[in-house]
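Dear colleague,

Please find below the structure that I am handing over to you. I should be grateful if you would look through it alongside the notes that follow.

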Amino acid sequence: KSVEVKPGFHPRHQTGTSRWTRETERQAGMGLALIKRPTCHSLSFIRETWLKRYSSSPSEDMITLMWSFVVSIYSIGGLLGSLSAGYLSVRFGRKKAMLFANIPALLSATLMGLSRLCGSFEMIIAGRLFSGSFVTAGLALNIHLMYAGECAPQKLRGLIAMTASTATAVGKFVGFALGLREVLGVDALWPVLMAVNALPALFQLLTLPFFPDSPRYLLIDKKDKEGCIKAVKQLWGDGDHMAEIDDMMAEQEAIRGEKAKSVCDLFRDKSVRWQLITLFLVASCMQLIGVNVYFYAYSVFIKAGIPPAQTHYVSLGVGITEILTTVLCVSGSSAEFHSADSFSWIPYCSVALIFIFIMSFGIGPAGVLCPLPTEIFIQSYRPAAYVFNGATNWIQLFILGLLFPFIVEGLGSFSFIIFLTYCLSMAIFVFLVMPETKGKTMLQVMEEFNRLNYRGKKRQTALQQSNCSVMTVTRL
């Protein structure tokens with residue numbers, strides 16, 4: 001069948017989808033930022049609760065341990081959620097899996113919001129676990145990136161997926177702004193601040209049912225061509241989209257009815273070896289260039305010489321900078337900062353360099369990583385790729401958050417030299433190895449990687465099989 005509609009592409013339909021999908025990213029950014037501001041109030045709450053419960057004051061080491069657990073449980077939840085994203089996205093579809101993810105998100109906000117009323121700091125820990133598992137780079141975020149990439153037409157695929165970075169930055173900015181003393185960052189309102197994340201989840205639950213499932217999922221996984229055509233018309237508007245549908249059919253023919261692969265298959269299969277290596281190295285940029293030591297953002301600013309009363313406003317500036325740079329995402333670079341105590345202007349110079357650092361991150365890895373798994377993996381490997389990507393992100397974040405204070409203690413202001421070394425190495429790798437994906441179909445990208453995955457006769461056989469699949473679908 002062909003889609004007999006007026007020619008032309010109407011971006012307003014795809015923009016509507018992008019506008020909704022950004023809510024998941026805003027929710028993720030808010031989850032990362034909201035835990036920072038109420039630290040002192042939460043510590044006081046833990047101390048008071050412990051005193052009432054056990055009639056003795058807890059030691060400072062115990063308080064620090066409890067708060068470290070509150071912070072770190074978020075990363076563990078993110079890892080657990082990432083590991084379940086592949087199965088749920090294939091078993092129930094992208095849309096239903098995202099709907100499911102918002103229910104625990106509401107439970108998380110409820111637990112944290114009522115923790116003070118119930119006198120239980122364990123509710124904050126449980127809420128953070130649910131929030132990490134089902135909101136951020138756990139279940140919802142990985143499936144959302146997959147959904148956004150598969151719903152976008154080829155010429156807008158990268159642009160739509162990169163809006164995820166912008167929306168995450170917006171969420172962080174909103175979290176920082178709400179945490180100011182003038183808004184919700186006071187002792188009486190910190191439970192409300194920690195429960196604000198319920199608003200994006202509620203919005204998604206009310207609006208997502210009006211959107212279709214991913215056209216690629218419907219055609220390739222469910223073999224529902226009618227549903228695919230209907231979804232394409234709803235998402236992309238009136239126009240002749242047979243070229244896009246033919247591309248999906250070519251990908252369906254290339255995988256020859258294979259079921260979705262597991263993470264173990266991802267490691268074993270030689271045909272995706274260099275895709276996996278590329279994804280791992282680029283994904284590691286999210287942590288190993290040093291930008292995600294945001295758990296210690298306030299400490300970094302205080303060490304740089306910024307008065308404690310002003311650190312929250314500086315963090316707000318970091319959020320604005322990240323929003324602006326992810327909007328301008330084109331290419332990546334890096335910078336490091338160095339602080340000194342000799343001159344009064346040095347602290348503010350250090351903060352300016354941190355802003356430049358954030359800008360270089362925003363126009364590089366932050367934007368590129370979002371569409372990367374969609375563009376370099378075909379349908380059968382894509383869910384496993386997102387599981388691997390999410391698990392890698394959270395494991396590295398946990399290790400970095402654990403080791404960074406010791407790195408700073410040992411190296412001082414030279415700590416970021418480690419991140420600089422990795423950044424330079426990755427720039428060389430991307431320039432020499434990684435193929436360009438812009439304007440190419442999934443099969444064309446696969447052929448580019450086959451030149452790396454295979455050598456000699458095996459490579460030629462793989463390329464011939466891919467070309468044969470494309471020619472067969474074209475003749476049909």
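The notes below cover the nonpolar cores, a surface patch, the salt bridges and two loop residues.

Please bear in mind that this is a predicted model.

I begin with the interior. The largest nonpolar core has 32 residues. Those with the most contacts inside this core are Leu266, Leu279, Leu369, Leu372, Ile376, Phe377 and Met426. At least two residues of the core are supplied by each of helix H13 (242–255), H15, helix H20 (372–376), helix H21 (382–411), helix H22 (416–432) and helix H23 (442–453). Helix H15 gives the most, with seven residues. Apart from this core lies another, of 21 residues, which includes Met98, Ala101, Val232 and Trp236. As general background, nonpolar side chains tend to be buried together in soluble globular proteins.

Helix H15 comprises residues 273–288. Its 16 residues should span 22 Å at 1.5 Å a residue, and the end C-alpha atoms are 22 Å apart, so the two values agree. Among the buried residues of H15 are Gln275, Leu276, Leu279, Val282 and Met286. Phenylalanine 377 touches three of these residues, namely Gln275, Leu276 and Leu279. Further contacts of phenylalanine 377 include Leu266, Val272, Arg382, Ala385 and Met442.

On the surface, a nonpolar patch of about 840 Å² is made by Ile76, Leu80, Leu83, Ile395, Phe398, Ile399, Leu402, Leu403 and Phe406. Helices H3 and H21 each supply at least two residues of this patch, and the largest share, six residues, comes from H21. Isoleucine 76 lies in helix H3 and is partly exposed, with a relative accessible area of 35%.

Turning to charged side chains, the count comes to 12 salt bridges. Glutamate 60 and arginine 47 meet in one of them, at 3.4 Å from N to O. Glutamate 60 lies in helix H3 and arginine 47 in helix H2, so this pair ties together parts that are 13 residues apart in sequence. Arginine 47 counts as partly exposed because its relative accessibility is 30%.

Two further pairs each lie within one helix. Aspartate 265 forms a salt bridge with arginine 268, with the closest N and O atoms 2.8 Å apart. Both residues belong to helix H14 (residues 263–268) and are three residues apart, about one turn of the helix. Aspartate 265 is partly exposed at 22% relative accessibility, whereas arginine 268 is exposed, with a relative accessible area of 59%. In helix H23, glutamate 448 and arginine 451 are likewise three residues apart, and their side chains meet in a salt bridge of 3.3 Å, N to O. Glutamate 448 has a relative accessible area of 27% and is partly exposed; arginine 451, at 41%, also counts as partly exposed. In addition, a network of salt bridges links Arg94, Glu150, Arg216, Asp221, Asp247, Glu251 and Arg382.

Finally, two loop residues deserve a look at their backbone. Most residues other than glycine have a negative phi. Serine 55, however, has a positive phi near 60 degrees; serine 55 is placed in the loop between helix H2 (39–54) and helix H3 (60–91). This serine is exposed, with a relative accessible area of 65%. Phi of lysine 223 is also positive, near 60 degrees. Lysine 223 lies in the loop between helix H11 (215–221) and helix H12 (225–236) and is exposed, at a relative accessible area of 52%.

With kind regards

Terms used. Residues numbered from 1 in each chain as written. Predicted model: local features only at pLDDT ≥ 70, side-chain atom pairs only at ≥ 80, totals over all residues. Heavy atoms only, no water. Helix = DSSP H or I, 4+ residues; strand = E, 2+ residues; numbered from the N terminus. Buried < 20%, exposed > 50% of the residue type's maximum accessible area, 1.4 Å probe, protein only. Expected span 1.5 Å × (residues − 1). Core = buried A, V, L, I, M, F, W, Y, C linked by side-chain atoms within 4.5 Å. Contact = heavy atoms within 4.5 Å. Patch = residues over 30% accessible without salt bridge, like charges linked within 9 Å, V, L, I, M, F, W, Y side chains within 5 Å. Areas by Shrake-Rupley, 256 points an atom, 1.4 Å probe, with all protein chains shown as cover. Salt bridge = Lys/Arg side-chain N within 4 Å of Asp/Glu carboxyl O. Lists of a residue's contacts leave out its neighbours within four places in sequence.
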